[in-house]
Amino acid sequence: MPEFVRPGSPALPLDAPTFEPIGDAGLLISFGPAVDAAAARAQAIAAAIDQARPGMPAVGRPVPAHASVLVPFDPLSIALEDAIGLVRSAVVSADATLASAETGADADVVADEDRAAATAIEIPVRYGGADGPDLETVAELLGLRPADVVELHASARYRVLFLGFAPGFGYLGGLPTALVTPRRDSPRERIPAGTVAIAGEQTCVYPLAMPGGWQLIGRTDTILFDPDRPEPALLRPGASVRFVPLGR
Amino acid sequence: MTSPVFDVLEGGLLTTIQDAGRREWGHLGVPESGAADPWSLAVANLLVGNDPADAVLEMTLVGPSVAVRSDAGLTIGLAGADLGARIRGGRRLVPGRSHRLAPGEVLEIPGDIPNRPATGCRAYLAIPGGIDAPIVLGSRSTCLAAGFGGLDGRALRAGDEIAARLAAGARLNRPELVWPDPDDAEWFGGPVPVTPATLRVVAGPAPGLDTMAGMAWQVGSAADRVGVRLDGEAVPEGIGGEATTQGMPWGAVQVPADGRPIVLGADHQSTGGYRVVGVVISADLPVLGQLRPGSAVRLEAVDRTAALAALRGRREALVAGTAALRDAVGWGALIDSAGG
């Protein structure tokens, strides 16, 4: 299970990254604490490395996460030091791009937020009932009515930090603090695809049927992952997400 | 051109179509997939004149029963664990070589061997031209978790058909060849581990590998393509725990807070949130794929130089083996039979 995603600070944490081998065929670029802005930096770095890959065939597709980027490489085709050198220049160019975006006026940042809001991915959800068997338990734990939980969950705007864990699974930042809930004591063996769940400071949509210990509050018919689509994953890192309650 | 080769009579415990895997989609959370023992994938393919990365059948502990459907028979390449392959009512087929099968013969892979214990976990069967399956996200491998690739993303079952991707003019019958293994005949062309098996591991990023290398481990019953749980005494407190979610490589030795390590396999999740005390070296990923539930295993800490020397050794052995197969058959004959 993924760990909590902590609410981020808006400032970009441009700590100097570290470059460490992981195993004999991987390089891990790590930086700063796991805040939302670090996830955006990981995406920018991974994109810069990916863009440079045609010129470095020994380097594999990078996997960005919360505050790190994993870069696979063929250690018999390129020395670790040379891999670090190549990747370091991609990091410099990604950070320069991020810094120039940051130096814009606050108005620009607000405009960015507005644009993200306008293009929010909307996910229609049937809350409660058989689709969200833990909704009442969650409400009781939080001292709220089930309708309040739905209202809070659906009124918040979430940000896709990165994808991982399962095909099309998005780590979403931005759960209202009033909805922070412990996991279930005993995990379920099978959670149906499309289930919307919360646990800790996080919410998610299960793209596939799988086991899990999160609190299940609703379900969507939206397909989160389809390998035959041009864009297989619905959730794009950096995108804004809104859950829309369906009438029952 | 596709050519029907087998009718599946029984699917076996977990038989899937796998190739060299899906390397470009970790950023969307897609598992790498591919053969759990990549060395045996290559050997099985080379034995029938294929590209080492072509799609094969990966069989787990108990293999399928299949009837030969092609009118002229065919040659198969077998590698990896010896799961007792035989012709029904007839001859034994050992791994590490290719075998000609006649039309109508039934190939059985029962999972046990007369007069000695089976070793290893996974056997690989290659057919000339490779197994026909659609390419999904760059690979024919089966992704069991998300149900795509291979045969509709699932394991083989009775009633399925297996077909070969044959180039125009290529034949399903190829020369019968033996994989040259100068080191150990018992390996049959696959890295079937002796007991206890040793996984060589490069330490880090989290500390603790040295402690764990001194401990005795057993492969748990929770061992599948996603990962292998190691049973033994719990790792001392302070080593395991949660960590910031990061990209995970195949072979990562994760230690959760309960102190029970998990070594990630070919179908591992692209990211994970447990501490990683080390990663199995690339040269030993085939051994990881052959660990049988219940078997003893040791972790040995090695440095990067040793890891790369071992990987270089494996690549050289593959090149040398390929050259020896060429010499045995005459490269021209192999090219001819491949339709090239």
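Which residue in β12(A) does A:V196 stand opposite? The residue is A:G218. The report below sets this pair in its surroundings; the structure is a predicted model.

## Strand β12 of chain A

Strand β12 of chain A covers residues 215–219, and 5 of its 5 residues are buried, leaving the strand mostly covered. Strand β9 of chain A, residues 195–199, pairs with β12(A) in the antiparallel sense over 4 bridges. Strand β5 of chain A, residues 121–127, also pairs with β12(A) in the antiparallel sense, here over 2 bridges. On the β5(A) pairing, A:R126 has A:R219 of β12(A) as its bridge partner.

Such pairing has a common basis. Strands of a sheet are held to one another by backbone hydrogen bonds, in either a parallel or an antiparallel arrangement.

## The two domains of chain A

Chain A is divided into domain 1, residues 18–102, and domain 2, residues 119–245. The centres of these two domains, taken over C-alpha atoms, are separated by 29 Å. Domain 1 of chain A brings 8 residues to the contact, and domain 2 of chain A brings 7 residues. On the domain 1 side, the largest share comes from α1(A), with 5 residues. By class, the domain 1 side that touches domain 2 of chain A consists of 5 nonpolar, 2 polar and 1 charged residues.

## The two domains of chain B

In chain B, domain 1 is made of two stretches, 2–190 and 329–337, while domain 2 spans 197–302. Taken over C-alpha atoms, the centres of domain 1 and domain 2 of chain B lie 28 Å apart. The contact draws 21 residues from domain 1 of chain B and 15 residues from domain 2 of chain B. Helix α1 of chain B, residues 38–46, gives the largest share of the domain 1 side, 3 residues. That side, where domain 1 touches domain 2 of chain B, has 10 nonpolar, 8 polar and 3 charged residues.

## An open sheet in chain B

Chain B contains an open sheet of 5 strands in the order β2-β3-β9-β5-β7, with antiparallel pairing. The edges are formed by β2 (16–18) and β7 (97–101) of chain B; each has a single partner strand, so one side of each is left without a neighbour in the sheet. On average, and with direction ignored, neighbouring strands of this sheet are turned by 30 degrees against each other.

At one edge, β2(B) runs antiparallel to strand β3 of chain B, residues 56–60, and 3 bridges join them. B:T16 has B:E58 of β3(B) as its bridge partner. Helix α1(B) packs on the sheet, where it touches β2, β3, β5 (74–80) and β9 (122–126) of chain B. The direction of α1(B) makes about 155 degrees with that of β5(B).

## Where the chains meet

The contact between the chains involves 35 residues of chain B and 37 residues of chain A. On the chain B side, the elements that give two or more residues are β14 (242–247), β17 (271–280) and α4 (304–329). The largest share of this side, 6 residues, comes from α4(B). By class, the chain B side has 15 nonpolar, 14 polar and 6 charged residues.

A:G164 offers a local view of the meeting of the chains. A:G164 is placed in the loop between β6 (158–163) and β7 (170–173) of chain A. Is this residue buried or exposed? A:G164 is buried, because 28 other C-beta atoms lie within 10 Å. Beyond its neighbours within four places in sequence, A:G164 is in contact with A:A65, A:F169 and A:Y171, and also with B:G29, B:T245, B:Q269, B:S270 and B:T271. A:G164 and A:A147 are 17 residues apart in sequence, and their C-alpha atoms are 31 Å apart in space.

## The largest nonpolar core

The largest nonpolar core has 165 residues. The members that touch the most others are A:I45, B:A44, B:V56, B:L125 and B:V201. Helix α1 of chain A, residues 36–52, gives the most to this core, with 10 residues.

B:V201 can be followed further. Apart from its neighbours within four places in sequence, B:V201 is in contact with ten residues listed by position, among them B:L209, B:V253, B:V279, B:I281, B:L299 and B:V302.

How values were computed: Residues numbered from 1 in each chain as written. Chains lettered and ligands numbered in written order. Predicted model: local features only at pLDDT ≥ 70, side-chain atom pairs only at ≥ 80, totals over all residues. Core = buried A, V, L, I, M, F, W, Y, C linked by C-beta atoms within 7 Å. Buried ≥ 20, exposed ≤ 12 C-beta atoms within 10 Å, placed from the backbone. Contact = placed C-beta atoms within 7 Å. Nonpolar A, V, L, I, M, F, W, Y, C, P; charged D, E, K, R; others polar. Domains from an automatic or database assignment. Pairing = 2+ DSSP bridges. Axes fitted to C-alpha atoms, helices over the stretch in contact; angles between N-to-C directions.
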